[in-house]
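Dear colleague,

Please find below the structure that I promised to hand over. My notes on its aromatic rings and nonpolar cores follow.

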Amino acid sequence: MKRLLLGALGAAIAGGVGTGIGWLEDPKRTAFSYLFAFAVGFTVVIGALFLLMIGHASDARWFVAIRRLAEHIVAALPLLAVLFVPVLLSMHELYPWTRLASLSDADREVVETKTAWLNTPFFIVRAVLYFTVFIVVAELLRSWSLRQDREPAAAEPLRRRMIALGAGGLPLLSVTVTLASFDWLMSLEPTWFSNIYGVYIFAGGFVAALGLFGMQLVLAERNRELPPGVSVEHFSVVGRFQLGMIIFWTYIGWAQLVLLWIADLPLEVTWYVARWHGGWEWVGILLLVLHWGVPFFFLLLRGLKRRADTFFAVSAWILVVHVVDIFYLVIPAVSPGHFEVRFTDVAALVAIAGALVAFCMMRARGARAYPVSDPTLDESIRYEAAL
C-alpha cells in the first residue's frame, strides 16, 4: 500500500508539472484539459456518493459488507473542492458567457437572455453551495459508518440515521448534480441546452463509479480485506448493477439525441454539429460500441460476473471508456470539428487521478476494511444472488 501511495503522489506531481508547463504555453487549451480531468474525477466520486446513498436508502443488506469501499471514494470530495479552484481561475478561458464581446451578434443575443444565471459571482456562489451539499452529506455518512466501529452500542441508531440521510438526501443531491453539470459542462457552449443533460452526466458518473467499485472489490477480496464469506455473490450483484446502469446511460444518450433531432431547431443541434466533423464522429460511434456494446454483452454472461479476473477487466473497461465519454463532452467545445489529443489532456488526468488516489488512501488509514459493528453485517455476508 505504501508503494501505491508513493506512486499516486509521484503521478500527481509529474502530471501537475506537465499541466503547469501547458498552462504557460497555451492557457486556453490547458484550461480545457484541466476541466476534462476534473470532470472525470468529479463524476466518478459523485457517482460513488449516489451508490452509497442508494445503498442506505434501500437498506440494501448485500451492500453493507463492502460499502466501506464506496466510503473511501467519497472521502475525496474535500480535495475535489480545492481542485475546482483552477477552474474558477480559468473561467475567462473556458466559458464564452464571461466574454460576451467575443461572441457573434446572434450568439450574444441568446446568451444575454441567460445572464441572470450565467454571471461570474452567482456561478461562484453556486459552486460553493454545490460542494457544501456534497461534502456535508458524504462526510456525515462516512463519519457515522466509522463511528459504528468505535461505538458498537450505537450501531443501530447510526444505521437508522444513514438510512434517513440516504433517502432524504437523494433528491437534494440529484438537483445539485444536475445544476452543477449545467454550470460546469453544458455552459461551455452557452447557446445550446438540453434538459436531460444532467441525467446523462449522472448516469455516466454512476456507471464509472460502479466500474471503480468493481475493481476495488476484486482487489480487496484478493488482499483478504473483506469479511470471510464475501464471495462471487457480491461480484454478481455489482455486475448486474453495472449492466442496468449501462443500459440506462445508453437510453438517456439516445433519448437526448432523438428529442433534439425531432425538434430540428438550429440552437439545439449545434452541440452535435461540433461533434460530427473532423474525427469527432468516430469518437461518438466508438462510444456507442465501447461504452454500451462491449460491456453489455459481457455482463449478460452470469459466469463472467462471478470470476474475479474477468469481472475486474470489465470493470476497468467501464472506467476507461467513461474517460473517453467525458473527453467527448468537454474538448469539442474548444476544438469543434477537429479531433485532437494533447499532452496536457494526459498530464492533467494523471495529476488529478494521482492526487485523488493518494488523498483517499491517506484518509483511509486506520479505518477498518468493513463496518465490523453494523447489525446487518452477518446478513450481508450470507447474501446469495438470485441470478
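A cluster joined by ring pairs takes in F36, W192, Y197, W271, Y272, W280, F327, Y328 and F339. Here rings of Phe, Tyr and Trp (its six-membered ring) pair if their centres lie within 6.5 Å; planes under 30 degrees apart are stacked, over 60 edge-to-face, and the rest tilted. The model is predicted: local features need pLDDT of at least 70 and side-chain atom pairs count only at pLDDT 80 or more, while totals for chains, interfaces and linings use all residues. Residues are numbered from 1 along each chain as its sequence is written, and side-chain values use heavy atoms, with hydrogens and water left out.

The ring rule gives 37 aromatic pairs. Among them, W62 and F63 meet edge-to-face, with 5.4 Å centre to centre and 70° between the planes. Y130 and W184 are also an edge-to-face pair, at 5.9 Å and 65°. This pair links distant parts of the chain, 54 residues apart: Y130 belongs to helix α9 (residues 120-150) and W184 to helix α10 (residues 155-184), helices being DSSP runs of H or I with at least four residues. Both Y130 and W184 are buried, that is, under 20% relative accessible area (1.4 Å probe, protein chains only).

The largest nonpolar core (buried Ala, Val, Leu, Ile, Met, Phe, Trp, Tyr and Cys residues joined through side-chain atoms within 4.5 Å) has 115 residues. Helix α2 (residues 27-57) gives the most to this core, with 18 residues. F134 and W184 are among the residues with the most contacts inside the core. A second, separate core of five residues includes V44, A208, M215 and L319.

With kind regards

How values were computed:
Helix = DSSP H or I, 4+ residues; strand = E, 2+ residues; numbered from the N terminus. Buried < 20%, exposed > 50% of the residue type's maximum accessible area, 1.4 Å probe, protein only.
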